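Here's a quick briefing to read with the predicted model open beside you. Pull up the viewer and follow the topics in turn.

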Amino acid sequence: MRKLVVWNLMTLDGYFEGTKPWDIDFHNLAWGPELQRYAEQFGKEGNLLVFGRKTYEGMASYWPTAEGEGEIKAYMNGIAKIAVSRTMTEPGWNNARVVSDPIPELTRLKQEDGKTIFIFGSAELADSLLKAGLIDEIRVCLVPVILGGGNPLFKQAEGQVPLKLIESSTTEGGAVILRYEPVKA
């Protein structure tokens with residue numbers, strides 16, 4: 001059985017991007033050797049990335065021509081990818097396909113043997129999958145900055161979602177990487 005894991009960077013006040021789409025300059029405050037090694041590990045641990053349409057379009061426009069990204073660029077361009085969208089028809093990125101209804105597709109994929117399935121960014125998608133009970137783990141890099149506004153990583157919920165801390169680590173630059181799993185009722 002495969003795990004479905006959400007990964008994102010988030011400011012101390014809870015935003016994964018600023019007030020405009022792809023306003024993620026605060027990532028540079030956390031980036032360093034520890035986070036690079038952590039990011040490289042995703043390519044070894046997983047074999048499928050899932051993105052919401054907006055995140056997919058940004059990733060697909062960046063990674064094919066990214067410079068100086070080495071191992072991360074290689075796995076981002078080579079790994080299998082799913083773009084979740086009701087409007088997109090052609091993915092336009094290597095080894096990618098479009099899925100309009102992620103819940104049955106990811107339910108099926110999780111039942112297979114294989115490596116971890118990662119969701120990068122894609123807060124709305126992650127929220128819908130968390131509410132559907134499909135998320136096995138949430139990994140967040142807490143960036144030491146208060147942004148003051150933007151797009152929150154965690155959307156309004158109907159109730160509490162208890163989480164169990166699996167692991168935490170701190171980078172030299174003061175970012176904190178947290179790993180949680182939802183507590184199943």
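The side chain of Lys110 makes a polar contact with the side chain of Asp136, at 2.9 Å. That same Lys110 side chain also gets to the backbone oxygen of Leu134, at 2.7 Å. So is Lys110 buried or exposed? Lys110 counts as buried because its relative accessible area is 5%, which is under the 20% cut-off.

**Around Lys110**

- Lys110 sits in helix α5, which covers residues 102-111.
- Leaving out residues up to four places away in sequence, Lys110 touches Met1, Arg2, Leu4, Ile117, Leu134 and Asp136.

**The sheet**

- What order do the strands of the open sheet take? There are 8 strands, running β5-β4-β3-β6-β1-β7-β10-β9, and the pairing is mixed.
- β5 and β9 (163-170) are at the edges with a single partner strand each, so one side of each has no neighbour in the sheet.
- On average, neighbouring strands here are turned by 25° against each other, if you ignore direction.
- At the β9 end, β9 pairs with strand β10 (residues 176-182) in the antiparallel sense, over 7 bridges.
- Within that pairing, look for Glu167 opposite Arg179 in β10.
- Helix α3 packs on the sheet, where α3 touches β3, β4, β5 and β6, and the direction of α3 makes about 115° with that of β3.
- Helix α5 packs on the sheet too, touching β1, β3, β4, β5 and β6, with its direction at about 125° to that of β5.

**Strand β1**

- How many of the residues of strand β1 (residues 4-11) are buried? The count is 8 of 8, so the strand is mostly covered by the 20% cut-off.
- In a regular strand, side chains alternate between the two faces of the sheet.
- In β1 both faces are covered: one side has Leu4, Val6, Asn8 and Met10, the other has Val5, Trp7, Leu9 and Thr11, and all are buried.
- One partner of β1 is strand β6 (residues 116-120), paired in the parallel sense over 4 bridges.
- Here Trp7 stands opposite Phe120 in β6.
- Strand β7 (residues 137-143) also runs parallel to β1, joined to β1 by 7 bridges.
- In this pair, Thr11 stands opposite Val143 in β7.

**The nonpolar cores**

- Which residues have the most contacts inside the largest nonpolar core? They are Trp7, Met76 and Phe120, in a core of 30 residues.
- Two or more residues of this core come from each of β1, α2, β3 (46-52), α3 (53-62), α4 (70-78), β6 and β7.
- Helix α2 gives the largest share of this core, 4 residues.
- A second, separate core has 22 residues, including Met10, Val99, Ala126 and Leu134.
- Phe120 is worth clicking on: setting aside residues up to four places away in sequence, Phe120 touches Trp7, Phe42, Leu49, Val50, Phe51, Thr55, Met59, Tyr75 and Met76.

**Helix α3**

- The buried residues in α3 include Thr55, Tyr56, Gly58, Met59 and Ala60.
- What covers them includes β3, α4, β4 (80-84), β5 (96-99) and β6.

**Tyr38**

- Tyr38 lies in helix α2 (residues 33-45).
- Tyr38 counts as buried because its relative accessibility is 17%, under the 20% cut-off.
- Its contacts, not counting residues up to four places away in sequence, are Trp7, Arg139, Ile177 and Arg179.
- Tyr38 and Ile177 are 139 residues apart in sequence, yet 9.4 Å apart in space, C-alpha to C-alpha.

**Asn47**

- Asn47 is in strand β3.
- Is Asn47 buried or exposed? Asn47 is partly exposed because its relative accessible area is 33%, and partly exposed runs between 20% and 50%.
- The side chain of Asn47 makes a polar contact with the side chain of Arg2, at 2.6 Å.
- Asn47 touches Arg2, Ile79, Ala80, Lys115 and Thr116, again not counting residues up to four places away in sequence.
- Lys115 is 68 residues from Asn47 in sequence, and 5.7 Å from Asn47 in space, C-alpha to C-alpha.

Note on methods: Residues numbered from 1 in each chain as written. Predicted model: local features only at pLDDT ≥ 70, side-chain atom pairs only at ≥ 80, totals over all residues. Heavy atoms only, no water. Buried < 20%, exposed > 50% of the residue type's maximum accessible area, 1.4 Å probe, protein only. Polar contact = N/O pair within 3.5 Å; in protein donor to acceptor, adjacent residues only side chain to side chain. Contact = heavy atoms within 4.5 Å. Pairing = 2+ DSSP bridges. Core = buried A, V, L, I, M, F, W, Y, C linked by side-chain atoms within 4.5 Å. Axes fitted to C-alpha atoms, helices over the stretch in contact; angles between N-to-C directions.
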